[in-house]
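This report goes through the ligand site, the cysteines, the charged pairs and a few local features in turn. Please keep the sequence and the model at hand while reading.

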Amino acid sequence: MRELFLLSDDMIFLNHGSFGACPKPVFKAYQDWQLKLERQPVEFIDQSRDFIINMKRVRIKLAEELGARPDDLVGVTNATEGLNIVAQSLKLEPGDEILTSDHEYGALEKTWELVSNRTGAKVIEVEIPLPLVSEPAFSKVIIDAMTERTKVLFLSHGTSPTALVFPIKRVVDEARARGIITVIDGAHVPSLIDLNLNDLDADFYAGNCHKWMMAPKGSAFLWARRDVQTMLEPLVISHGWIPQSGGPEQKGPFGNSRFIDCFEVRGTRDPAAWLSIPAALEFMKQHNWGEFAKHSDLLARKTAETISRLTGIPLFGSPNYCAPQMVAIPLPECDVEDLKRQLYETFSIEVPVFRWKGHCILRISIQAYNTKEDVTRLIEALTKILKL
Ligand SMILES: Cc1ncc(COP(=O)(O)O)c(C=O)c1O
């Protein structure tokens with residue numbers, strides 16, 4: 001499998017989770033789109049020609065994969081952008097509360113901090129009890145923190161520092177019943193965790209296709225439930241924008257809904273990454289990726305259990321709540337920067353090591369291109385460096 005990826009072969013790559021890795025045939029499709037663009041830029045980019053049709057084709061394919069309607073999702077560059085669109089569109093005021101967890105991704109914590117500074121709304125961060133072993137334990141702390149001031153619930157579906165899958169369905173439903181807007185950060189989720197956006201029925205959801213779906217960087221989506229699409233304004237105003245005047249059925253200037261046109265047409269840009277999403281889906285189908293994912297998941301879990309046994313430190317969640325293929329492993333107290341450097345420079349292992357809430361954490365990701373030898377090398381290196 002490693003042969004099918006562009007990853008340099010002078011390292012062991014255990015960090016698919018950060019930015020993904022694009023298989024060669026998918027990258028080729030990406031470059032083919034870019035060549036097509038440069039051969040006839042007007043035909044390709046002009047909204048009256050191919051652009052609208054090409055973009056829509058991908059929405060249809062991706063929506064099928066995600067259990068969504070093609071008109072409820074738009075392409076964005078990354079999950080951060082998608083979530084910024086939502087956070088910066090919401091009408092909040094002093095006294096309002098944005099409820100969130102203590103496992104959120106740093107860039108999004110900053111986003112809500114800015115929103116809070118601008119609007120006077122307060123961010124309320126709930127501590128999720130660890131280890132995460134049951135859905136009720138998770139839902140209870142979130143639901144208990146909901147008040148009449150709570151206007152927004154912002155949660156990761158798959159968490160970054162702890163690589164947990166938050167069981168979000170019940171809190172999303174509860175928020176809906178109370179009129180609280182749910183904004184879900186699904187950066188890791190597409191092609192990692194089963195996702196049906198219609199069934200989840202949150203208000204807003206953003207996900208990356210460049211991580212576990214293995215599309216090129218720059219391919220992500222923002223999904224918005226039909227009846228809340230009118231709440232959103234793009235961060236960049238371009239030809240696709242028109243003033244809001246009516247419901248979600250309001251047409252935009254290019255024949256789609258206003259929601260789609262506003263976000264799809266946002267200045268001259270290269271949409272090749274987005275257009276390569278069908279190639280990534282096809283690649284996974286052709287290679288029966290589900291089987292590779294199962295093997296990778298098993299290897300990830302075994303590796304995490306082995307390291308946990310060596311350190312005597314338990315993992316952050318029971319197997320049901322640990323993300324597939326990606327495990328955050330708490331380590332004994334150490335200099336995380338030095339450990340990361342030694343793993344890379346001495347043992348040629350690319351793997352994230354960081355500090356989160358007083359824990360030293362190693363987060364391994366296992367993808368089809370990883371082998372048992374890769375994790376054996378990791379365990380040997382950790383044993384040596386940390387004297388386990
Ligand atoms: C939970 C979570 N949210 C958001 C992001 C941001 O993703 P991006 O940089 O692609 O926008 C990440 C990145 O790893 C993440 O783990």
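A polar contact is here a pair of N or O atoms within 3.5 Å, where within protein one atom must be able to donate a hydrogen and the other to accept it, and residues adjacent in sequence count only if both atoms are side-chain atoms. The model is a predicted one, in which local features need pLDDT of at least 70 and side-chain atom pairs count only at pLDDT 80 or more, while totals for chains, interfaces and linings use all residues. Residues are numbered from 1 along each chain as its sequence is written, and side-chain values use heavy atoms, with hydrogens and water left out.

## The ligand site

With the polar contact defined as above, a polar side-chain atom of Thr 80 lies 2.5 Å from an oxygen atom of the ligand. For His 188 the corresponding distance, again from a polar side-chain atom to a ligand oxygen, is 2.8 Å, and for an N or O atom in the side chain of Asn 78 it is 3.4 Å. Taken alone the ligand exposes 400 Å², of which the protein buries 90%; these accessible areas come from the Shrake-Rupley method with a 1.4 Å probe, and for residues only the protein chains shown count as cover.

The ligand is surrounded by 14 residues, the closest being Thr 80, Asp 185, His 188, Asn 208 and Lys 211, where a residue counts as near if one of its heavy atoms lies within 4 Å of the molecule. What is the make-up of this shell in nonpolar, polar and charged residues? The shell divides into four nonpolar, eight polar and two charged residues, on a scheme in which Ala, Val, Leu, Ile, Met, Phe, Trp, Tyr, Cys and Pro are nonpolar, Asp, Glu, Lys and Arg are charged, and the others, Gly among them, are polar.

## Cysteines

If a disulfide is taken as a pair of cysteine sulfur atoms within 2.5 Å, the count in this model comes to zero. Cys 209 is accordingly in no disulfide, and the nearest cysteine sulfur, that of Cys 22, is 12 Å away. Cys 209 is buried, with a relative accessible area of 0%, and Cys 262 also counts as buried, at 1%; buried means under 20% relative accessible area, exposed over 50%, and partly exposed in between, with a 1.4 Å probe and protein chains only.

## Salt bridges

Side chains of opposite charge can pair when their charged atoms come close. Counting a salt bridge wherever a side-chain nitrogen of Lys or Arg lies within 4 Å of a carboxyl oxygen of Asp or Glu, the model holds 23 salt bridges, and the table gives some of them.

| Pair | Closest N to O distance |
|---|---|
| Asp 32 and Lys 28 | 3.0 Å |
| Arg 170 and Glu 135 | 3.0 Å |
| Lys 294 and Glu 291 | 3.2 Å |

The bridge between Arg 170 and Glu 135 links distant parts of the chain, with Arg 170 in helix α8 (residues 169-177) and Glu 135 in helix α7 (residues 135-145), 35 residues apart. Helices (H or I, at least four residues) and strands (E, at least two) are DSSP runs, numbered from the N terminus. Arg 170 is partly exposed, at a relative accessible area of 40%.

Asp 32 and Lys 28, by contrast, both lie in helix α2 (residues 24-39), four residues apart, about one turn of the helix. Asp 32 is partly exposed at 35%, as is Lys 28 at 47%. Lys 294 and Glu 291 are three residues apart in helix α13 (residues 289-311) and are therefore separated by about one helical turn. An α-helix has 3.6 residues a turn, so residues three or four places apart point the same way. Lys 294 is exposed, with a relative accessible area of 55%, whereas Glu 291 counts as partly exposed at 36%.

## Other local features

Helix α5 (residues 79-89) is largely enclosed by the rest of the structure, because nine of its eleven residues are buried; among them are Glu 81, Leu 83, Ile 85 and Val 86.

Ser 101 has its place in strand β3 (residues 97-101) and counts as buried, at 0% relative accessibility. The side chain of Ser 101 reaches the backbone nitrogen of His 103 at 2.9 Å, and a polar contact of 2.7 Å joins the side chains of Ser 101 and Glu 104.
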